[in-house]
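Subject: A structure for you to look at

Hello,

Here is the structure I promised to pass on. Have a look at it first, and then read on for what I found.

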Amino acid sequence: MLDDLVQLMKRKKWLSSHLWEVAVDNILWNWTGFHGKTVGCPYWSESALEAYERENRLPLEPKLIHEHVIPKSILIELLSKEASANRKTLKDFMNSCVVGAVVTKEEHVRLHQQDDTCDWSSLSVAKTDDNFVFARYQKAKIKVWHVNWSKRTLLKDERYLICKGENES
């Protein structure tokens, strides 16, 4: 996928903007789901984890949603503005900013209410800020955990808090 993105970036001026956006959208969607859209996904909200552990079964898709931590529209916009990103820069961008998280339906709604309140202007393909990636979750007061999986089993003792879900003072 990374090589496909590199090639798309090189050929951006020869493709229609619609074709380019559709191809990039597809890469972004697949990148976040590489380890799994639910099981295997490394980032889970606390409420989604509680629902998963309470139900102790899948599929929970009607109740849980895999979503892009930074909205895809923002990611596509950032990539479209990039004139000459090399493979390493794109890889760093994809690994730090193109991440998915599993949230509840209610949290998904709250997150989308934050879309217009986040100032994405400090973010670029070449300059990523790991602290900024979960800013929308912080504003929506959603705790996010990094979790580990072994095959299709959640390793309960191997998780750490990524986003406290509290407004910073």
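Let me begin with a single residue: Ser17, which sits in helix H2. Please keep in mind throughout that this is a predicted model.

Is Ser17 buried or exposed? Its relative accessibility is 54%, so Ser17 counts as exposed, the cut-off being over 50%. Although Ser17 and Ser80 are 63 residues apart along the chain, 8.9 Å separates their C-alpha atoms.

A second residue to click on is Asn95, which belongs to helix H5. Asn95 has a relative accessible area of 47% and is therefore partly exposed. Its C-alpha atom is 9.0 Å from that of Trp31, with the two positions 64 residues apart along the chain.

Now the wider view. The protein has 7 helices and 5 strands, and going along the sequence they follow the order α-α-β-α-β-α-α-β-α-α-β-β. Of the 169 residues, 45% are buried. Among contacts with a separation of 6 or more, 74% join residues 24 or more positions apart. The accessible surface is about 9700 Å², and carbon and sulfur atoms account for 49% of that.

Next, the helix pairs, beginning with H1 and H2. Helix H1 covers residues 2-10 and helix H2 residues 17-32; their axes come within 10 Å and cross at roughly 160 degrees. Because of that angle, H1 is roughly antiparallel to H2. The crossing of H1 past H2 is left-handed. On the H1 side the contact involves Leu2, Asp4, Leu5, Leu8 and Met9, and on the H2 side Trp20, Ala23, Val24, Ile27 and Trp31. These residues divide into 9 nonpolar and 1 charged, with no polar ones. Trp31, then, is part of this contact as well as being the partner I mentioned for Asn95.

H1 also meets H5. Here the axes come within 10 Å and cross at roughly 120 degrees, which means that H1 is oblique to H5. H1 passes H5 in a right-handed crossing. The residues that H1 brings to this contact are Leu2, Asp3, Leu5, Val6 and Met9, while H5 brings Arg87, Leu90, Lys91 and Met94. By type, the contact has 6 nonpolar residues, no polar ones and 3 charged ones. Leu2, Leu5 and Met9 of H1 appear in the contact with H2 and again in the one with H5.

What does helix H4 pack against? H4 spans residues 72-81, and its buried residues are Ile74, Leu75, Ile76, Leu78 and Leu79. These buried residues pack against H1, H2, strand E2 (64-68) and helix H5 (87-97).

For H4 and H5 in particular, the axes come within 13 Å and cross at roughly 165 degrees, so H4 is roughly antiparallel to H5. The crossing of H4 past H5 is right-handed. Leu75, Leu78 and Leu79 of H4 make the contact with Leu90, Phe93 and Cys97 of H5. This contact consists of 6 nonpolar residues, with no polar and no charged ones. Leu90 of H5 takes part here and also in the contact with H1.

If you open the model, H1, H2, H4 and H5 would be a good set to display together, since the buried residues of H4 pack against the other three.

Enjoy looking around, and do write back with any questions.

Best wishes

Conventions
Residues numbered from 1 in each chain as written. Predicted model: local features only at pLDDT ≥ 70, side-chain atom pairs only at ≥ 80, totals over all residues. Heavy atoms only, no water. Helix = DSSP H or I, 4+ residues; strand = E, 2+ residues; numbered from the N terminus. Buried < 20%, exposed > 50% of the residue type's maximum accessible area, 1.4 Å probe, protein only. Contact = heavy atoms within 4.5 Å. Areas by Shrake-Rupley, 256 points an atom, 1.4 Å probe, with all protein chains shown as cover. Axes fitted to C-alpha atoms, helices over the stretch in contact; angles between N-to-C directions. Parallel < 35°, antiparallel > 145°, perpendicular 65-115°, else oblique. Left-handed = near helix turned anticlockwise from the far one by under 90°. Nonpolar A, V, L, I, M, F, W, Y, C, P; charged D, E, K, R; others polar.
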